[in-house]
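Q: Please take me through one part of this fold slowly, starting from its charged contacts and working outwards to its partners and surroundings. I would like a connected account rather than a list.

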Amino acid sequence: MTDYYRGSGDADSTQQHPTQGFQGSAYPPPPPYGPSIPAAPATSHRRAKRPVALLAAVALAAAVIGGGSAVLVGQYADNGTSSGGTVVSGTTVSQSSKGTVAGVAAALSPAIVEINATANAGESTGSGVIITSDGEIVTNNHVIAGASSIKVQLSTGKTYTAQVVGTDADKDLALIKLEGASGLKTATLGNSDQVRVGDQVVAIGSPEGLTGTVTSGIISALDRDVTVAKDQDQGQQQQQQQGQGGWPFEFGGQQFNGDTGSSKTTYKALQTDASLNPGNSGGALINMNGEIIGINSAMYAPSSAAAGAGSSAGSVGLGFAIPVNTVKADLSALRSGGNSGSNS
């Protein structure tokens, strides 16, 4: 009896019948082929583990894919907003001030400069937009045409000497570069193709030498054909002759603010009722997100004779700006020199 009892508790017997209830039991021993009940818990136990492991693996895979998707989304989002060689990223309006004239003015004023150009025809004052931290500035060609020296004043009052990098008289655009500048606040160039009639805009420039003047209005019309003088000296001569009358230009077959001369160019412009005056040329037309959508280039003002001798004609809400997409398309050519040799 004793030997048999020990035999029923050996390893082989335990493996065949793992249920603990039979161990240490007296005679009779369990049948050699009993019901499969003891095996069921083990099978159920193994099957219970598989879904848990599968769910864990799926969760891990989802986390990896989710993380990768987030990275990809971030990359695509960045590609849509970064410069990519076409859009220049810079100062924009803070989220709390977005949509307000005050917010746009506070954010963008440091990126707008006053330009004083000296030429044989005299001196002229205009504006410009800083697009790189080391002092690349976009302005109108007619602001610096024929200049022998160029001085630029920042919103802080600091003054730099600038050199012409490149010009495009056909588009009335120029690129100048400050000497020894670094760490400057820059503007963001937006997308003028998204501009709609009625959009609110802000203009910043130096009309009559009043640095950092801010005005606001709306986009009045798109794709206006504006004609301006192309000759190097014509623009500055006319500015000096007209005094406060404004930059000479043509629109709709008529001349405004003086004769544009025989050498002229026509471009598509944004029309705005934001107040522009002489000195705003080359300054910024900005949307309410703080993005540059145009470079102010021409304005209509009643003649000084009609307004009275020695008085300022002022703005009557007919201003024009070169679309910023024209500027972006021309940047590479301007940086390569354009026809800057004739203006240096």
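A: Happy to! A salt bridge here is a side-chain nitrogen of Lys or Arg within 4 Å of a carboxyl oxygen of Asp or Glu. With that rule, a search of the whole structure, which is a predicted model, turns up 5 salt bridges. One of them leads straight to the part I suggest we look at, strand β3 (residues 136-139).

That bridge joins Arg-335 to Glu-136, with the closest N and O atoms 2.8 Å apart. It ties together distant parts of the chain, since Arg-335 belongs to helix α8 and Glu-136 to strand β3, 199 residues away. The two ends sit in unlike surroundings: Glu-136 is buried, because its relative accessible area of 14% falls under the 20% limit, whereas Arg-335, at 39%, is partly exposed. As a general point, side chains of opposite charge can pair when their charged atoms come close.

Now to the strand itself. In a regular strand, side chains alternate between the two faces of the sheet. In β3, Glu-136 and Val-138 lie on one side, with Ile-137 and Thr-139 on the other. These four residues are all buried, so both faces of the strand are covered.

β3 has neighbours to pair with, too. Strand β2 (residues 122-130) runs antiparallel to β3, and the two are paired over 2 bridges. Here Ile-137 is the bridge partner of Ile-130. The two strands form a hairpin with 5 residues between them, and Gly-135, in the turn, has a positive phi of about 105°. Strand β6 (residues 173-178) also pairs with β3 in the antiparallel sense, over 4 bridges. In that pairing, Val-138 stands opposite Leu-175 of β6.

Val-138 also takes us from the sheet into the protein's interior. The largest nonpolar core has 32 residues, and Val-138 is one of the four that touch the most other members, along with Val-129, Val-226 and Ile-292. Helix α8 (residues 324-335) supplies the largest share of this core, 4 residues. That helix therefore meets our story twice: through its residues in the core, and through Arg-335, the partner of Glu-136. A second, separate core of 19 residues includes Ile-115, Val-143, Ile-144 and Tyr-160. More generally, nonpolar side chains tend to be buried together in soluble globular proteins.

Val-129 shows how β3 fits into this packing. Setting aside residues up to four places away in sequence, Val-129 touches Glu-136, Ile-137 and Val-138, and its other contacts include Ala-111, Ala-187, Gly-282 and Ile-295. Ile-292, another of the best-connected core members, is on that contact list as well.

For comparison, here are two further salt bridges. Lys-171 and Asp-168 meet at 3.5 Å, N to O; Asp-168 is buried at 13% relative accessibility, while Lys-171 is partly exposed at 31%. Arg-196 and Asp-199 have closest N and O atoms 3.7 Å apart. In that pair Arg-196 is exposed, because its 57% lies over the 50% limit, and Asp-199 is partly exposed at 21%.

Finally, the wider setting: the protein chain has 8 helices and 15 strands, and 41% of its 344 residues count as buried. Of its contacts with a separation of 6 or more, 68% are between residues 24 or more positions apart.

Definitions and conventions:
Residues are numbered from 1 along each chain as its sequence is written. This is a predicted model: local features need pLDDT of at least 70, side-chain atom pairs count only at pLDDT 80 or more; totals for chains, interfaces and linings use all residues. Side-chain values use heavy atoms; hydrogens and water are left out. A nonpolar core is a set of buried Ala, Val, Leu, Ile, Met, Phe, Trp, Tyr and Cys residues joined through side-chain atoms within 4.5 Å. Buried means under 20% relative accessible area, exposed over 50%, partly exposed in between (1.4 Å probe, protein chains only). Contact means heavy atoms within 4.5 Å. Two strands pair if DSSP finds at least two bridges between them.
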